[in-house]
Structures are given as structure tokens and as C-alpha cells.
Amino acid sequence: MLAASKYAPVVLLFVIALAIPVLMIGIATIVGPRRLGVKKKVPFECGTEPIGDTRKRFSVRFFLVALLFIVFDVEAVFIFPWAVLFRQLGLFGFIEMAVFLFILILGLVYVWKKGALEWE
Amino acid sequence: MERLADYIVYNLPFLQQIPRVIVDLIIMLFFATCMLLFWVALFAGITSWVERRVAGRIQSRIGPNRVGPQGFLQWIADGLKCFLKEDFVPAAADKKLFLLAPYIVFAGMFAVFVVVPFGDGLIISNLNIGIFYVLAISSLVVVGILMSGWSSNNKWSLLGGMRSAAQIVSYEIPVSLAILPVILLTGSLGMQDIIRAQGPYPWQWFAFHNPFTFIAFFIFFIGALAEGNRTPFDIPEAESELVAGYNTEYSGMRFVFFFFAEWANLYIIAALTVTLFLGGWNTPAHLYTNLFGLLHRSVDVAGTFVFILKSLFLVFVIIWIRWTLPRLRVDQMMDVCWKYFVPFSFANIVGTIIWMVLADAAPVLGYVRYILFVVGLMVPLAIAMKITRNFRLAKSEIHLNPFI
């Protein structure tokens, strides 16, 4: 089989995965009732009038987590190809990756000591 | 898939006149559609019923038992009901993002099924980047969840979406690092290669291969639970504080698709764990040919059966965990991830490398897997003993019949 056609199912499945919800939500919109009202459109806040605006400043913790994720996930991506070829790369690959992992773990220790992992 | 396609083309000669690529694509389309309609949809629906029944039994009540025998058709009734619900967008919501979010969540979850194996040769496409593809595609779900949380213009949705995103991206790291020992041992990212590197008997599974994969198995499973927003990591949808989390404002079919994705994810977690650590579809060879020799080798019935059985058992375990354990606090959850799982996963990688080098030099280490298998066997035994002990102490009646 062609290399490209190995990835054809990925596209195909995405198309199906989009077509099915479009179809079903489409049917639901036709079948379902439409009774609009002013009160109905108010965002749910336990039945009371919403207090203040939702779109305001948010805890910076979440941003920090996202940053940490990008750092560590990209590093993890680098480890994957090495892990596949570990046997062929031999000692050289091992030492290279040991240095890489050492720096990465050093980064984790730094982040830890800085208190970025604490969630108050 | 190739072998299945070979088999079909071999038996239906008229297909041989059509270019093979087109035949392959048609078979794939057929298989994929069948899988969505008859496996994912059925699984998601039936599991929603099973979970409610199991929850009922665990909480000493009955659970849904009105629609159909034992309430079995409850999920169809629920689905039909959601068809008839109004599909509306709250005021001041970001309409485009709000409407788009369920599609992204569903597509991200469903596209993973490209590489989820069902048996020897039964996989939509055996990509050589298999498990890596899963990690990449399942990240789409985070985007969808953030979109739904932010666009709803609802405080509960926003909090739920943010928490969910923070949790999923955090646990992504220990999960991907816990996969690495398996890849080191296999030398391939393909799902079928990973399964082939294991064997039919439990002590040949990667979970018991060495102490580091044993730890990695637990990190992976727990991390996957957190990624699927399952209890004990369900702070994003904590009913007691956040109403329903990121899907609070959704109604009707859009709401269904969020849950569809959640149930489908349950199967994905189980199937991935089985693939990576619990031997996948491997069955003893003689069973394969003697008992199920009725069919062509391209359709591995015994293997598929074993694989699905293992997966369904894990799904049951996940449900069981959900209704047993209380919810973690958000700081505890982050601590578990960053202070325990991530360092342990790094140690696992280094440990696995050292183990591989040592095992090359001293083959005696190969026997460690038997010891680990016995240790692993102790866990369910200990749980069973604890349960019987609790029953004895409580002097409660035991109803073994699940149907009342």
C-alpha cells in the first residue's frame, strides 16, 4: 500500500467525525422546538441574575501551567524519536540523552524551587 | 487492515479489476463507518447505562430499570429525548466558538480510533507513529473544551474549562513520559508492533516486564483517568461546585456530543492501556488455530475477543473507581502530577534504559517478570479480601444477582 494512503483514513475519519455531528445536530435543530425568551438566554448562575461580567481577569496559575506544559511536552516530543532508535544509537545516543534529561530535570527542580508548582 | 483487504479481494474476484488503492479506501471507509455506528456509538450508549447501573448498585439503589428489560434501552430513550430539545445559544456568548466546540471535542476524540487496534490486522490504519498520533490528536480535545468554556459567557463554564485544560495539559506530560519505557523496549511507535512485542501470557506483558514498566503502567492509567476528567480527577465538572463544568450552557444534541466524547474516551483509555501494558490481542497460538480456525487468519476472532474483554474489564474498573473514590482538591491534583508523576516518569525512563543494558548482560533478570506478575496478582487479591472483610464487618446482605 502507498505510504500516503496510510494516512488517508486519518482524513477520512476526520470527515466522518465532522459529518456525523453536523447531521445529528442538524436533525435536532429541525425537530427541536424554538421558543426564545429574554430570560432563557441569560447565562445560568444558579437561578439568580448574573453578577458582574464573565470576561475579566483570570488567575495567572493557569497561564503558568500552560507554559510548563509547553516546555515539558516539547521536550517529551524530542525524547520519542530517540526512544525508538535507542538500540541503534548505542552509547553515544545514551550519553546525549542523559545530558538532555539532566538539563530537563534540572529545569524541573528549578521550577519546583521557584514555587511554580505550588497551587494556592 | 491490509490482510483483511487481501482476504476480501481474494474471495471476491470482481474486485481485482478495480485498482487496489480504491478497494483499500472503500474497505476502510466501510470499516470506519461501521466502527463509529456499531462500536463507538453502541459502546458510548451502553456504557452510560452500565455506569448508571453500577453506580446504583454501589450506592445501594437500583438505577435506571424502566425502559426495556433492566432499563437496557435507557440510553436510546435519553438520546431520542436530546434530539427533541431546543438548541440555543446564551446571550453574549461567542456564537461561532460556542457552536464549533462540540465538533472539535468529538472529532479530536474520534480521530484517535484510526490507530486503536481491535485485533491482529483489525486496525483502521497501522500508522508507524501510532501512539504518538494518539497523543497529538487527543490534544485537540483541550482546544474544544477551552472554546466551550470561554465562549459560553458563564462563570461555571469558564472555571470548568480552565480547570479542565490545566488538568489535561498537566497530565499529558506524565502520560507521554510513561509511554516511553514501552517504546524503548519495543523500538517502534506502531500500535501493532507494541502488541507484537508482548506475549499472550500475563508475565509477558509490558506491565510486568520490569519494575519500571510496572510503575509506568500505574502512572499511565491514573494519568489517563485525569486526562479523561474522570473521578478522582473530575474537578472540571465537580457537580457540587461548578454545576456541570464547561458544558453547563449546552443543550440538546450539542450536549450529547460532549458526553459521547467522554464515553468514547473511556474506551480509548482502556484500549490504550491494554495495548501498551496488558498484552493487547495476543492469544496463545494453539487456541488461535484450533478453536477459531474456522475463519481465515486475517480475522483474528480470538484476539479481538480477548482484546475487547480486557478493555471492557478496564472500563468497569474505571467506573468502579469513579463511584468509590472522593474527588481530589485542585492543589492536590497538581501536586500529584508535577511532584510525583513527572519525577517518577523520568526515573522510569532512566531505569528502563539501565534495565535493558543490564538484561543484555545478565539474562537472569528476565525472571523478574514472574515475580512482578505475582506481585501484580496480589493487588486484586488484596482488594477482594478487603471487600469480603468489609462485608463481614458490616454484616450486610450480599446480593450477587445484578438484576433486580
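**Exercise 1. Place Gly93(A) in its chain and decide whether Gly93(A) is buried or exposed.**

Step 1. Gly93(A) sits in helix H3 of chain A, residues 86-114. Helices here are DSSP runs of H or I with at least four residues, strands are runs of E with at least two, and both are numbered from the N terminus.

Step 2. The relative accessibility of Gly93(A) is 5%, so Gly93(A) counts as buried. The classes are buried under 20% relative accessible area, exposed over 50%, and partly exposed in between, using a 1.4 Å probe and protein chains only.

Step 3. Ala83(A) lies 10 residues from Gly93(A) along the chain, and their C-alpha atoms are 9.6 Å apart.

The model is predicted: local features need pLDDT of at least 70, side-chain atom pairs need pLDDT 80 or more, and totals for chains, interfaces and linings use all residues. Residues are numbered from 1 along each chain as its sequence is written, chains are lettered from A and ligands numbered from 1 in the order written, and side-chain values use heavy atoms, without hydrogens and water.

**Exercise 2. Describe the surroundings of Asp87(B).**

Step 1. Locate the residue. Asp87(B) is in the loop between H3 and H4 of chain B.

Step 2. Check exposure. Asp87(B) has a relative accessible area of 13%, and is therefore buried.

Step 3. List the neighbours. Leaving out residues up to four places away in sequence, Asp87(B) touches Ile25(A), Thr29(A), Arg34(A), Ser251(B) and Arg254(B). Contact means heavy atoms within 4.5 Å.

Step 4. Find the polar partner. The side chains of Asp87(B) and Arg254(B) make a polar contact at 3.0 Å. Such a contact is a pair of N or O atoms within 3.5 Å; within protein, one must be able to donate a hydrogen and the other to accept it, and residues adjacent in sequence count only if both atoms are side-chain atoms.

**Exercise 3. Characterise the domains of chain B and the second largest pocket.**

Step 1. Chain B splits into domain 1 (1-78) and domain 2 (85-355). The bounds come from an automatic or database domain assignment.

Step 2. The domain centres, taken over C-alpha atoms, are 18 Å apart. Their contact takes 22 residues from domain 1 and 27 residues from domain 2.

Step 3. The second largest pocket holds about 1000 Å³. On a 1 Å grid over the protein atoms alone, a pocket is an open set of points with protein on both sides within 12 Å along at least five of seven lines; a cavity is a set where a 1.4 Å probe fits but cannot get out; lining residues have an atom within 4 Å of a point. Points are joined across faces, edges and corners, and a volume is the space filled by probe spheres set on them.

Step 4. The lining has 38 residues, with Ser48(B), Asp78(B), Val256(B), Phe259(B) and Trp263(B) closest to the centre. H2(B) gives the most, 10 residues. Each domain of chain B supplies at least three residues.

Step 5. By class, this lining has 22 nonpolar, 5 polar and 11 charged residues. Ala, Val, Leu, Ile, Met, Phe, Trp, Tyr, Cys and Pro count as nonpolar, Asp, Glu, Lys and Arg as charged, and the others, Gly among them, as polar.

**Exercise 4. Profile the largest cavity.**

Step 1. There are 3 cavities of 30 Å³ or more. The largest has a volume of about 340 Å³.

Step 2. Its lining has 26 residues; Met109(B), Ser138(B), Glu227(B), Gly228(B) and Asn265(B) lie nearest the centre. H11(B) gives the largest share, 7 residues.

Step 3. The classes are 20 nonpolar, 4 polar and 2 charged.
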